[in-house]
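Visitor: I should like a close look at how neighbouring helices pack against each other here. Please take me through the helix pairs in turn.

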Amino acid sequence: MASYNPKLLNQKYNNWVKGQLAVLFTKEGLEPFVCNEIQQFQLKCLDDICYNNGIFSGTICSSCSTENVVKCPTKGICIVGGGQCSFHRNSKYILAGCPNRICHNFKLGIQKAHRHPCPSYKNTDTTQWCSNSWEVAKCFMPPDGYKDKASATETDFNGIISVILNYKDFQRKVHENLKDETNVFEVARKIGRHLRHSSTLEVEDTDLQEYFQVLQQLLSDSAYLASDTHAQNAKQKLTELENDTLVIGKDDRKKAIDDVVKALQDKIKAGLDEQTDRNKLDAINILNEECNRKRKNLSEYEEELRKRLKTAYKDGKDEEYMNNRKSE
Ligand SMILES: [Zn+2]
Ligand SMILES: [Zn+2]
């Protein structure tokens, strides 16, 4: 590492931490907005189903499983091998429909409300659609990694922002054209992913500036967010973060790293990981252990973490990384 300059490295790493925190604050600012809209969608769906089918208002169902409601085969969910489907192994699709006439109709409602043809049924538990609106929200998130996320708080930025992008009715409360591929929500989603999956945990000054600008713009959307207290509180925090008037505590720095760990664990759980992801998680885990054993302080930990990630990723040579581990 001939060009190793600790001061410069620190600056770039600090930028990364700031970027991660900016995304986390933005997510917190959007949570109530997303929760409310989805809850209203859930209630409207149930009302419409009852009205259109002549069912007594307030009727619910909690007996149909996702397998009962999702047809077989469904693209992206069913893997049929040797005549047997891995998704419908334990429970079959109910051709006759939900006995309470709710769940199959609810699925149609979700499908109609989704911007794309394939809602993420793999994430959701249909038995809770009538009682827990977050299970409905999961249909609008990416297809993997959200099954065990019980609330908006537990859900990451990517999940939250995907609900805004994929649930078409959000357009009523968003000035930005959500169909436009370069709309600010889409750009923010990319920023979030970029930070989380950064191999070196470093961000250039100019990039960070742009991230702040995009997230501030998002939280200022004139249709609703500009006058929403939660969004404006988040925006205020971003301003303080950008101007260095917000003290970044140890817990915040740890949060930034924990978010990366969570993202890696989710990827591995969903079987979507690559070797470099495992290397990265290894590097963090080994260091966590050492940190606990030797009682390293957080800045020592961070310094070491960046060095190890560099090793884990350098030229993409996994072998080199493994040899380094063996010689320790
Ligand atoms: Zn199937
Ligand atoms: Zn049902």
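Guide: What follows describes two helix pairs, their geometry and the residues that form their contacts. The model is a predicted one.

Consider the pair formed by helix 5, residues 157-166, and helix 6, residues 184-196: their axes come within 10 Å and cross at roughly 165°. Because an angle over 145 degrees counts as roughly antiparallel, helix 5 is roughly antiparallel to helix 6. The handedness of this crossing is left-handed. On the side of helix 5, the contact is built from F157, N158, I161, S162, I164 and L165; helix 6 contributes F185, E186, A188, R189, G192 and R193. Sorted by class, the residues of this contact of helix 5 with helix 6 comprise six nonpolar, three polar and three charged.

The other pair consists of helix 7, residues 205-219, and helix 8, residues 229-242. Here the axes lie 9 Å apart, and the packing angle is about 160°. Helix 7 and helix 8 are therefore roughly antiparallel to each other, and their crossing is left-handed. From helix 7, the residues in the contact are F212, L215, Q216 and L219, while helix 8 supplies A231, A234, K235, L238 and E242. In the contact of helix 7 with helix 8, six residues are nonpolar, one is polar and two are charged.

To bring the two pairs together: helix 5 and helix 6 cross with left-handed geometry, and the crossing of helix 7 and helix 8 is likewise left-handed. Six nonpolar residues take part in the contact of helix 5 with helix 6, and six nonpolar residues take part in that of helix 7 with helix 8.

Conventions:
Residues are numbered from 1 along each chain as its sequence is written. Chains are lettered from A and ligands numbered from 1 in the order in which they are written. This is a predicted model: local features need pLDDT of at least 70, side-chain atom pairs count only at pLDDT 80 or more; totals for chains, interfaces and linings use all residues. Axes are lines fitted to C-alpha atoms, for helices over the stretch in contact, and angles run from 0 to 180 degrees between N-to-C directions. Helices (H or I, at least four residues) and strands (E, at least two) are DSSP runs, numbered from the N terminus. Angles under 35 degrees count as roughly parallel, over 145 as roughly antiparallel, 65 to 115 as roughly perpendicular and the rest as oblique. A crossing is left-handed if the near helix is turned anticlockwise from the far one by less than a right angle, and right-handed if clockwise. Two residues are in contact if their C-beta atoms, placed from the backbone, lie within 7 Å. Ala, Val, Leu, Ile, Met, Phe, Trp, Tyr, Cys and Pro count as nonpolar, Asp, Glu, Lys and Arg as charged, and the others, Gly among them, as polar.
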